[in-house]
Amino acid sequence: SLCIVTGASKGFGRAVAKACAKAIVDMDLVLLSRASMDGTLQDVRPCLSPGCRATGFRVDLAQSDGLLPRLQGICREYDSSQYRRVLLIHNAGSLGALLPLMDMDPEALVPELQLNVVSFLTLTRAVLHHFRPGPHCQVFVVNVSSLLALQPMASLGPYCITKAARDMATAVLAKEHPQHARFLSYAPGPMPTAMFDDIRNNVRHEGTKSAFLQMDKSSLVDPEMSAQRLVQHLTTDTFTSGAHIDFYDPHPYVNPTSKL
């Protein structure tokens with residue numbers, strides 16, 4: 001297997017990389033981030049099967065110039081004939097301005113659309129074209145989503161808009177690739193991450209700020225637990241391709257320590 005995780009330097013991306021390394025045997029791991037991934041690599045390498053490798057590539061997905069050739073070049077470093085299963089987990093994303101939409105210049109949405117939507121499609125294209133899903137290779141594409149892809153919140157417009165767009169792109173891809181490729185939008189739940197703290201501290205709407213401040217530590221989801229739940233969905237493979245699944249949705253228990 002080959003697993004590719006974006007936004008893998010910290011938070012949920014690091015937790016997902018570690019969960020995959022623990023649960024999936026004979027897996028090579030590719031980490032993509034614009035920040036250093038040294039900490040994640042130290043975490044995951046002891047969990048990999050003997051002979052498997054974990055490699056980090058510094059890539060700024062927010063920059064459109066030359067992005068597709070760069071991602072295609074990374075894919076070419078991996079012989080597509082060697083992998084029967086490829087997991088692509090799109091975790092990278094940004095909040096954007098935490099302001100009411102009418103207080104923003106609409107042009108401010110462009111960088112968020114590039115990182116949250118355009119780069120998602122660019123990397124998916126590079127992976128699907130290189131590994132070519134078929135009888136000998138199944139590809140899983142995961143969009144790390146959010147409840148806010150479905151539920152609007154004031155002063156979180158850029159995030160809600162781009163998350164909703166990515167959910168729809170995932171659903172469309174599922175219709176366009178009905179065989180040998182599987183697509184999932186997974187909402188990991190509210191987690192104690194830097195993004196969560198940014199909303200609580202800086203959002204410019206009292207109702208939204210109050211909702212986030214009311215979430216105490218005990219009500220937040222542990223990133224490693226949510227990452228394990230995602231891996232369970234991928235390894236049991238019982239979801240409808242293109243579906244949106246939340247951490248809190250019912251799911252048959254799978255032992256997260258068992259190797260697959």
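This is a short talk through one predicted model, starting at its sheet and ending with a few single residues.

Okay, hi everyone. Since this is a predicted model, please hear everything I say as a description of that prediction.

Let's start with the sheet. How many strands form it? Seven, and the sheet is open, with the pairing parallel. If you want to trace it on the screen, the order is E3-E2-E1-E4-E5-E6-E7. Which strands sit at the edges? Those are E3, residues 54–58, and E7, residues 243–246, and each of them pairs on one side only. Ignoring direction, neighbouring strands in this sheet are turned by 20° against each other on average.

Let me zoom in on one pair. Strand E1 covers residues 2–6 and strand E2 covers residues 28–33; they run parallel, and five bridges join them. If you'd like a spot to click on, try Val 5, which stands opposite Leu 31 in E2.

Now, what packs on this sheet? One answer is helix H1, residues 11–23. H1 touches E1 and E2, and also E4 (85–90), E5 (138–144) and E6 (181–187). The direction of H1 makes about 170° with that of E1. Helix H4 packs on the sheet too, touching E1, E2, E4, E5 and E6. For H4, the direction makes about 175° with that of E4.

Stay with H4 for a moment, because it also has a helix partner, and that's H3. H3 runs over residues 67–76 and H4 over residues 109–131. Their axes are 9 Å apart, and the angle is about 40°. An angle of 40° is neither under 35 nor in the 65 to 115 range, so H3 and H4 count as oblique to each other. H3 passes H4 in a right-handed crossing.

Who is doing the touching there? On the H3 side we have Leu 67, Leu 68, Leu 71, Gln 72, Cys 75 and Arg 76. On the H4 side the list includes Gln 114, Ser 119, Leu 123 and Phe 131. By type, the residues of this contact divide into eight nonpolar, five polar and two charged.

One of those deserves its own slide: Ser 119, in helix H4. Buried or exposed? Its relative accessible area is 4%, under the 20% cut-off, so Ser 119 is buried. Leaving out residues up to four places away in sequence, Ser 119 touches Leu 61, Leu 67 and Gln 114.

Next, a lysine: Lys 209, in helix H7, residues 206–213. Lys 209 has 17% relative accessibility, and because that is under 20%, it counts as buried. Which residues does Lys 209 contact, neighbours within four places in sequence aside? Arg 200, Asn 201, Asn 202 and Val 203.

Last topic: backbone angles. Most residues other than glycine have a negative phi. So here are two residues to look up. Ser 155 isn't a glycine, yet has a positive phi of about 65°. Ser 155 is in the loop between E5 and helix H5 (157–176), and at 6% relative accessibility it counts as buried. Then there's Asp 237, also not a glycine, with a positive phi of about 55°. Asp 237 is in the loop between helix H8 (223–236) and E7. With 26% relative accessibility, Asp 237 counts as partly exposed.

That's my tour, thanks for listening.

Definitions and conventions. Residues are numbered from 1 along each chain as its sequence is written. This is a predicted model: local features need pLDDT of at least 70, side-chain atom pairs count only at pLDDT 80 or more; totals for chains, interfaces and linings use all residues. Side-chain values use heavy atoms; hydrogens and water are left out. Axes are lines fitted to C-alpha atoms, for helices over the stretch in contact, and angles run from 0 to 180 degrees between N-to-C directions. Helices (H or I, at least four residues) and strands (E, at least two) are DSSP runs, numbered from the N terminus. Angles under 35 degrees count as roughly parallel, over 145 as roughly antiparallel, 65 to 115 as roughly perpendicular and the rest as oblique. A crossing is left-handed if the near helix is turned anticlockwise from the far one by less than a right angle, and right-handed if clockwise. Contact means heavy atoms within 4.5 Å. Ala, Val, Leu, Ile, Met, Phe, Trp, Tyr, Cys and Pro count as nonpolar, Asp, Glu, Lys and Arg as charged, and the others, Gly among them, as polar. Two strands pair if DSSP finds at least two bridges between them. Buried means under 20% relative accessible area, exposed over 50%, partly exposed in between (1.4 Å probe, protein chains only).
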